[in-house]
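The following exercises concern a single molecular model. Each task is followed by a solution that proceeds step by step.

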Amino acid sequence: MGQELAIATYGLTKRFDRYMAVNEVDLRILPGEVYGLIGPNGAGKTTLIRMLAIAEEPTKGEIYINGERILRDDSNPEIKQRLGYLPDDFPLYDDLNVWDYLDYFARLYRLKQPYRHRRLYEVLELVQLENKRNSIISSLSRGMKQRLSLARTIIHEPILLLLDEPVSGLDPIARMQFRQIIKVLQEAGMTILISSHVLSDLAELCTSVGIMELGFLVESASLKELYRRLSRQQIIVGSLGDLQLLSGELSKNSLVEGWEIIAGTNRLKVNFSGGEIESADLLRELIQADISVTEFHCLQEDLESIFLNLGHQQAS
Ligand SMILES: Nc1ncnc2c1ncn2[C@@H]1O[C@H](COP(=O)(O)OP(=O)(O)OP(=O)(O)O)[C@@H](O)[C@H]1O
């Protein structure tokens, strides 16, 4: 069961008293994926991640990691030691300096010298904190603290990373730095699950996305599949002349679903239900109709509007 998958859950459920925080979730994540878990407050993301991190006992259901059944007992210690879990409150020891903090965790993971120090340097370089290695943690910015927490989470070279809202509260530059680090980790072969409220962060990073609502996993698919299934094509068309002429021509094409004027420009954003071949046909029609086309370029609708169209309000 779940042999080739990095994570597989079957009917995974967590009930707190009478409240179903996670409800019959069947999650499938392939090795090497960056899987984005999105959902509003209280949707069950943290509870699901905590169960995968073996920090929370499921009420029912099964979890497999790399094909091995994971239980909260002494079984499968090798797999359990290869998990990296970054909780959303990322606790740190404020009075320690960066190096001592990481060294403390490296010792807990029983990393031996000289590998241990080599690994500390490696990880500090990756999270761009080499020059902060003697700084006291309380003096670091929020972005630095977040990167330090990530360094702690990967110090033992996990194969599976579980990151609970790692970019929340970060400014755009800190978010970008975080995304760059995640890309490096993915290239190194880690499977990564990230939860977030911010869809645009996930869209740039993830290979697959899952949506949680009221404890249910209501959507789970690769980004490619989501775009293929749900994204409408949009075309930006600019012309030298009167936009009335252009829109008159557009209305003759049955695949044109509508358009809007891009304010202050001589350009229209056209919703188009055709593919590449049909958009080439549309361009030919416009030129044959003597429209002075100055711009014609196809866009793909972004993930955010796809989810909003689906009625998932958490896209933000
Ligand atoms: N230990 C607990 N005891 C009782 N209820 C809990 C507990 N942990 C979580 N819950 C409830 O389970 C539901 C899901 O919470 P969870 O933290 O998993 O959601 P979330 O999607 O991570 O939300 P957020 O985006 O706000 O972090 C919430 O209604 C929460 O109040």
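## Strand pairing and the hairpin

Tyr64 stands opposite Arg69 in S6. The model is predicted, so local features need pLDDT of at least 70 and side-chain atom pairs count only at pLDDT 80 or more, whereas totals for chains, interfaces and linings use all residues. Residues are numbered from 1 along each chain as its sequence is written.

**Exercise 1.** Determine which strands S5 joins and how they run.

*Solution.* Strands (E, at least two residues) and helices (H or I, at least four) are DSSP runs, numbered from the N terminus. Two strands pair if DSSP finds at least two bridges between them.
Step 1: S1 (residues 7-16) and S5 (residues 60-65) run antiparallel and are joined by five bridges; Ile7 stands opposite Ile65 in S5.
Step 2: S5 and S6 (residues 68-69) are also antiparallel, with two bridges.
Step 3: The hairpin of S5 and S6 has two residues between the strands, and Asn66 there takes a positive phi near 50°.

## The ligand shell

**Exercise 2.** Identify the element that gives the most to the shell around the ligand.

*Solution.* Step 1: A residue counts as near if its C-beta atom, placed from the backbone, lies within 6 Å of the molecule. The residues around the ligand are Phe16, Tyr19, Ala21, Gly39, Asn41, Gly42, Ala43, Gly44, Lys45, Thr46 and Thr47.
Step 2: Two or more of these come from strand S2 (19-25) and from helix H1 (45-52).
Step 3: H1 gives the most, with three residues.

## Helix H6

**Exercise 3.** Establish where the buried residues of H6 fall around its axis.

*Solution.* Step 1: H6 (residues 172-187) has 16 residues and reaches 23 Å from its first C-alpha to its last, close to the expected 22 Å (1.5 Å times one less than the number of residues).
Step 2: Its buried residues are Arg175, Phe178, Ile182 and Leu185. Buried denotes 20 or more other C-beta atoms within 10 Å of the residue's own, exposed 12 or fewer, and partly exposed a count in between.
Step 3: Seen down the axis, the buried residues of H6 fall within an arc of 80°, so they line one face of the helix; the arc is that of the directions from the helix axis to the C-beta atoms.
Step 4: The face turned away from the buried side carries the exposed residues Pro172, Ile173, Val184 and Glu187.

## A loop residue

**Exercise 4.** Decide whether Glu165 is buried or exposed.

*Solution.* Step 1: Glu165 lies in the loop between strand S8 (160-164) and H6, and has a positive phi of about 45° although it is not a glycine.
Step 2: Glu165 has 21 C-beta neighbours inside 10 Å and therefore counts as buried.
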